[in-house]
Every structure is written in C-alpha cells, then in structure tokens.
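Hi there,

Here is the structure I promised to send over. Have a look, and my notes follow underneath.

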Amino acid sequence: MILKKILTILGFSIFLILLLNGAFQAGFERWDEQTNIEVVKDTIQGQSIFLKLNDENFFEKPPLFYYLSIIISPLTGIENSGRFVSVISALGIVFLLFILIKKNVSFSKAIVFLYLILLIPQLYFVNPAGYFASHTFSSFDLDTLQIFFIVLSFFLIFISEKLTTKNIYLSYLSLSLGFLTKGPFVFIPLLINSFYIFKQKRVKE
C-alpha cells in the first residue's frame, strides 16, 4: 500500500511538472493561443462584460474560458492566465479518472493509467512527431477546460453504483458548463449519459 501511495504521488508530481513546463516554457502558438490572449487582453482593457477583440464584440466562441482567464489574470498575468486554467483543468481530468478507475477497477490499474498518461507526448508538447498539433494540456486554449467538464459529468454518473437525482442534475450542469466553454461537442457525452440513465431502472432520491 505504501508503494502504491509513493507511485501515485510521484506520478502526479511528474504530471504537474510536465504541465507547468508547458505553461512556462512553450512559445505561444499562432493557432489559437495568440488570438485567445488578445481576447482576454482586449476585454480587460475595454472594461467590458462582453468579450472583445480589436475593439469589436467577440462572439466566435463561448465565454466561460475567457471569463475564468480574466478572473485569475491578476494572479498569473494575462499571457499565462488561460494556460493556468488549462493546467488546473488537466489536473482535474486525470485526478477524476484516477479516482474512477481506483473505485470501479483497482488501485493498481489506476496507477497504470496514470503512468500511461505520462507517456503520451502529444498531451504536453507541440508537434512532438513533426505533425501539426498546437493544442496541449497547457495551451491557452478552450479544449482542456471543456474536456474537464465532460469527464466530470461522467464521473458524477459512474462514481456510484446507484444513481442519485442530485448527481444526475450535477452531471447535466457540468455538460452545460462544457457547452459554455466550447460549444456543442458536449452533445455526444450528453447522449451517452442520458442513455445510461434511461437504462437504469432505479434512481435513488
């Protein structure tokens, strides 16, 4: 048991180091990091509750990621704000999946999952094999936050043997926040969760 705890702490520590290395060391990509930084910067400078880009309203993407970036920007600086939103989201993603696997399969399998995640360079490095790939777990992009809300919705549905009404509502709320992060991709997990809920004969109040 002590060995498993040591391996867990070590794995999450390496994971955090990889995330922070991407947040602090990687240059900002033209697609889409630089645009997202400008949206945060222009919105702050314009002192507007609406997103701004080049003195015009920005409606290309939903607002949640940008609002969170704006909120933490006094602590991180504007250029790192969105990257820290992604780093925190990535930690949440892996932690929730780790707990889900640990509870429903085994502690050992959860540790294997954690170290397998560390072996996927595309999650941490831009263009690791020479292919165009500008989004990572540390990018100033919306993707990681939306994935977090999707994983959280699954977590709430599958963490317990019996569903509760509260967890169902929270799962749908999580997907709603995912929609406010990056739009309609959440409809796929919405269908999956809804089908699973429909198949359950008993819902504990």
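Glu 38 counts as partly exposed, at 32% relative accessibility, and its salt-bridge partner is Lys 41, with N and O 3.8 Å apart. Lys 41 is partly exposed as well, at 23% relative accessibility. Both residues sit in helix H2, 3 residues apart, or about one turn of the helix. Please keep in mind as you read that this is a predicted model.

How many salt bridges does a search of the whole structure find? The search comes up with 4, and two others are worth a look alongside the pair in H2.

One of them joins Asp 32 and Lys 61, whose closest N and O atoms are 3.7 Å apart. Asp 32 is in the loop between helix H1 (2–25) and helix H2 (33–46), while Lys 61 is in the loop between strand S2 (56–57) and helix H3 (64–76), so this salt bridge ties together parts that are 29 residues apart in sequence. Are the two partners buried or exposed? Asp 32 is partly exposed, with a relative accessible area of 25%. Lys 61, at 18%, is buried, because the cut-off for buried is under 20%.

The other one pairs Lys 182 with Asp 143, and here the closest N and O atoms are 2.8 Å apart. Lys 182 belongs to helix H7 (residues 165–182) and Asp 143 to helix H6, so the pair links parts that are 39 residues apart in sequence. Lys 182 counts as partly exposed at 31% relative accessibility, and Asp 143 counts as partly exposed at 23%.

Helix H6 also brings us to some helix packing. The axes of H4 (residues 78–104) and H6 (residues 143–158) come within 9 Å and cross at roughly 25°. Angles under 35 degrees count as roughly parallel, and H4 and H6 are therefore roughly parallel to each other. Their crossing is left-handed.

Which residues meet there? On the H4 side they include Val 85, Ile 93, Leu 96, Leu 97 and Leu 100, and on the H6 side they include Leu 145, Phe 148, Val 151, Leu 152 and Phe 155. By class, the contact of H4 with H6 has 14 nonpolar, 5 polar and no charged residues. Among the polar ones in H4 are Ser 86, Ser 89, Gly 92 and Asn 104, with Thr 144 on the H6 side.

Happy to go through any of this with you whenever it suits.

Best wishes

Key: Residues are numbered from 1 along each chain as its sequence is written. This is a predicted model: local features need pLDDT of at least 70, side-chain atom pairs count only at pLDDT 80 or more; totals for chains, interfaces and linings use all residues. Side-chain values use heavy atoms; hydrogens and water are left out. Axes are lines fitted to C-alpha atoms, for helices over the stretch in contact, and angles run from 0 to 180 degrees between N-to-C directions. Helices (H or I, at least four residues) and strands (E, at least two) are DSSP runs, numbered from the N terminus. Angles under 35 degrees count as roughly parallel, over 145 as roughly antiparallel, 65 to 115 as roughly perpendicular and the rest as oblique. A crossing is left-handed if the near helix is turned anticlockwise from the far one by less than a right angle, and right-handed if clockwise. Contact means heavy atoms within 4.5 Å. A salt bridge is a side-chain nitrogen of Lys or Arg within 4 Å of a carboxyl oxygen of Asp or Glu. Buried means under 20% relative accessible area, exposed over 50%, partly exposed in between (1.4 Å probe, protein chains only).
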